[in-house]
Amino acid sequence: DQIYAKKKNEIFKKTFDMIDTDGDGVITHVNFDLKNLPEKIKKIIQKITDELKLENESLNSEEFIYACNYLFEHLDNNDKNVLLNYNKYEKMCEINK
């Protein structure tokens with residue numbers, strides 16, 4: 001479903017933009033920051049960021065979105081729902097600040 005895929009990719013792009021600390025369109029094993037993400041989102045994408053650190057790799061936004069889509073296919077339904085309801089979690093974080 002194209003609408004579903006578009007929503008996922010928008011969420012993954014938004015996540016990328018939030019962790020790209022210098023705004024250069026690339027995250028590396030040393031220049032990303034998860035502190036602006038809701039805790040549940042951090043835990044889900046940590047597999048990607050852990051691999052970045054382990055392999056000393058970098059990802060641009062397209063590669064990050066691809067990695068998130070791959071990860072998404074292997075998540076349980078609860079974690080999928082957390083990602084798909086990202087905006088709700090983001091608003092909750094704003095309220096808690």
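Is N56 buried or exposed? It is exposed, with a relative accessible area of 53%. Here are some notes on this and other spots; keep in mind that the model is predicted.

1. **N56 and its backbone.** You'll find N56 in the loop between α2 and β2. The cut-off for calling a residue exposed is over 50% relative accessible area, so N56, at 53%, makes the grade. Its phi is worth a look too: the value is near 50°, which is positive in a residue other than glycine. As background, most residues other than glycine have a negative phi.

2. **Overall layout.** The protein chain has five helices and two strands. Going along the sequence, the pattern reads α-β-α-β-α-α-α. The chain is 97 residues long, and 38% of them count as buried. If you take contacts between residues at least 6 apart in sequence, 62% join residues at least 24 apart.

3. **Helix α3, basic dimensions.** This helix covers residues 61-73, 13 residues in total. From first C-alpha to last, α3 reaches 18 Å, close to the 18 Å expected at 1.5 Å a residue. At its N-terminal end sits a cap from N60: a side-chain oxygen of N60 lies 3.0 Å from the backbone nitrogen of E62.

4. **The two sides of α3.** On the buried list for this helix are S61, F64, I65, C68, N69, L71 and F72. Looking down the axis of α3, these buried residues fall within an arc of 165°, so they line one face of the helix. The general rule behind such patterns is that an α-helix has 3.6 residues a turn, so residues three or four places apart point the same way. The face turned away from the buried side of α3 carries the exposed residues E62, Y66, Y70 and E73.

5. **What α3 packs against.** Plenty to click through here: the buried residues of α3 pack against the helices α1 (2-19), α2 (39-55) and α4 (77-84), and also against the strands β1 (26-28) and β2 (58-60).

6. **T15 in α1.** T15 belongs to helix α1. With a relative accessible area of 2%, T15 is buried, because the cut-off for buried is under 20%. A polar atom of the T15 side chain lies 2.9 Å from the backbone oxygen of I11. Leaving aside residues up to four places away in sequence, T15 touches L37, I41, I45, F64 and Y86. F64 in that set is also one of the buried residues of α3.

7. **The largest pocket.** About 280 Å³ of space lies in this pocket. Its lining is made of K47, I48, E51, L52, E57, L59, E63, Y66, A67, Y70, L71 and H74. Two elements, α2 and α3, give two or more residues to that lining. Which element gives the most? That's α3, with five residues. Y66 and Y70 of the lining also turn up among the exposed residues on the face of α3 away from its buried side, while L71 of the lining is listed as buried in α3.

8. **Q46 in α2.** Q46 is found in helix α2. Q46 is partly exposed, with a relative accessible area of 37%. If you want a partner to look at alongside Q46, try L34: the two are twelve residues apart in sequence and 8.9 Å apart in space, C-alpha to C-alpha.

Note on methods. Residues numbered from 1 in each chain as written. Predicted model: local features only at pLDDT ≥ 70, side-chain atom pairs only at ≥ 80, totals over all residues. Heavy atoms only, no water. Helix = DSSP H or I, 4+ residues; strand = E, 2+ residues; numbered from the N terminus. Expected span 1.5 Å × (residues − 1). Buried < 20%, exposed > 50% of the residue type's maximum accessible area, 1.4 Å probe, protein only. Arc of directions from axis to C-beta. Contact = heavy atoms within 4.5 Å. Polar contact = N/O pair within 3.5 Å; in protein donor to acceptor, adjacent residues only side chain to side chain. 1 Å grid on protein atoms, 1.4 Å probe; cavity = no way out; pocket = protein on both sides within 12 Å on 5 of 7 lines; lining within 4 Å. Points joined across faces, edges and corners; volume = space filled by probe spheres on them.
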